[in-house]
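Colleague: I've just pulled this one up and I'm new to it. Can you walk me through?

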Amino acid sequence: FYGFYAPMEVRLGQGFDWSLGGLDWSRRRKTPWLAADLRALSLRHGVGECAGHAPLPLCRDLPALDGVAKALGFWYVAEGSTLGGQSMARQVR
């Protein structure tokens with residue numbers, strides 16, 4: 001997931017002024033959580049070796065975000081996946 005979210009979040013953060021709609025993009029980013037998971041698993045994210053493994057690949061073929069509607073659509077799905085993960089974690093516990 002990190003390899004997809006990291007470049008998408010860069011694109012979303014640079015391409016749109018979320019503050020105009022009262023949205024705080026910095027609080028909604030998923031990569032800090034994913035990076036923390038990787039660190040907990042003793043992996044480094046980004047460039048370089050990952051605890052003896054090849055560097056983590058980053059997605060280069062990203063979906064087009066040519067407009068606010070598509071960007072909001074991506075954001076909606078990303079938020080939904082986070083909430084779904086929380087729900088599943090509760091059931092697993």
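Colleague: Let me start with one residue. Which helix is Thr-31 found in?

Modeller: Thr-31 sits in helix H3. Bear in mind that this is a predicted model.

Colleague: Is Thr-31 buried or exposed?

Modeller: Thr-31 is buried, because its relative accessibility is 6% and buried means under 20%.

Colleague: What does Thr-31 touch, leaving out residues up to four places away in sequence?

Modeller: Thr-31 touches Tyr-2, Tyr-5, Ala-6 and Glu-9.

Colleague: Back up a bit. What is the secondary structure of the chain?

Modeller: The chain has four helices and zero strands. From the N terminus on, the order is α-α-α-α.

Colleague: And how many of the residues count as buried, as a percentage?

Modeller: The chain has 93 residues, and 26% of them count as buried. On contacts, take those with a separation of 6 or more: 65% of them join residues 24 or more positions apart.

Colleague: What about confidence? What is the mean pLDDT of the chain?

Modeller: The mean is 79, and 84% of the residues reach 70 or more. Among the elements, confidence is lowest in H2, at a mean of 79, and highest in H1, at 88. Where pLDDT is low, the predicted coordinates should not be read in detail.

Colleague: You mentioned Glu-9 earlier. What does Glu-9 form a salt bridge with?

Modeller: The partner is Arg-29, with the closest N and O atoms 3.5 Å apart. Glu-9 lies in helix H1 (residues 2-15) and Arg-29 in the loop between H2 and H3, so the pair ties together parts that are 20 residues apart in sequence.

Colleague: Are those two buried or exposed?

Modeller: Glu-9 is buried, at a relative accessible area of 4%. Arg-29 is partly exposed, at 31%.

Colleague: How many salt bridges are there in the count?

Modeller: The count comes to four salt bridges. Another one joins the side chains of Glu-79 and Lys-30, at 2.8 Å from N to O. This pair links distant parts of the chain: Glu-79 is in helix H4, Lys-30 is in the loop between H2 and H3, and they are 49 residues apart.

Colleague: Is that pair buried or exposed?

Modeller: Glu-79 is buried, and Lys-30 is buried too. There is also a network of salt bridges linking Arg-28, Lys-30 and Glu-79.

Colleague: What about Lys-70? Which residue does it form a salt bridge with?

Modeller: Lys-70 pairs with Asp-66, and the closest N and O atoms are 3.1 Å apart. Lys-70 counts as partly exposed, at 45% relative accessibility. Asp-66 counts as exposed, at 57%.

Colleague: New topic: pockets. What volume does the largest pocket have?

Modeller: About 510 Å³. It is lined by 15 residues, and those nearest its centre are Lys-30, Trp-33, Leu-34, Ser-81 and Thr-82.

Colleague: Which elements give two or more residues to that lining?

Modeller: Helix H2 (25-28), helix H3 (31-40) and helix H4 (68-92) do. H4 gives the most to the lining, with seven residues.

Colleague: What is the lining like by class?

Modeller: The lining of the largest pocket has six nonpolar, four polar and five charged residues. Lys-30 lies among the residues nearest the centre of that pocket, and Lys-30 also belongs to the network with Arg-28 and Glu-79.

Colleague: Thanks, that gets me started.

Methods:
Residues are numbered from 1 along each chain as its sequence is written. This is a predicted model: local features need pLDDT of at least 70, side-chain atom pairs count only at pLDDT 80 or more; totals for chains, interfaces and linings use all residues. Side-chain values use heavy atoms; hydrogens and water are left out. On a 1 Å grid over the protein atoms alone, a cavity is a set of points where a 1.4 Å probe fits but cannot get out, and a pocket is an open set with protein on both sides within 12 Å along at least five of seven lines; lining residues have an atom within 4 Å of a point. Grid points are joined across faces, edges and corners, and a volume is the space filled by probe spheres set on the points. Ala, Val, Leu, Ile, Met, Phe, Trp, Tyr, Cys and Pro count as nonpolar, Asp, Glu, Lys and Arg as charged, and the others, Gly among them, as polar. Buried means under 20% relative accessible area, exposed over 50%, partly exposed in between (1.4 Å probe, protein chains only). pLDDT is the predictor's confidence in each residue, from 0 to 100. Contact means heavy atoms within 4.5 Å.
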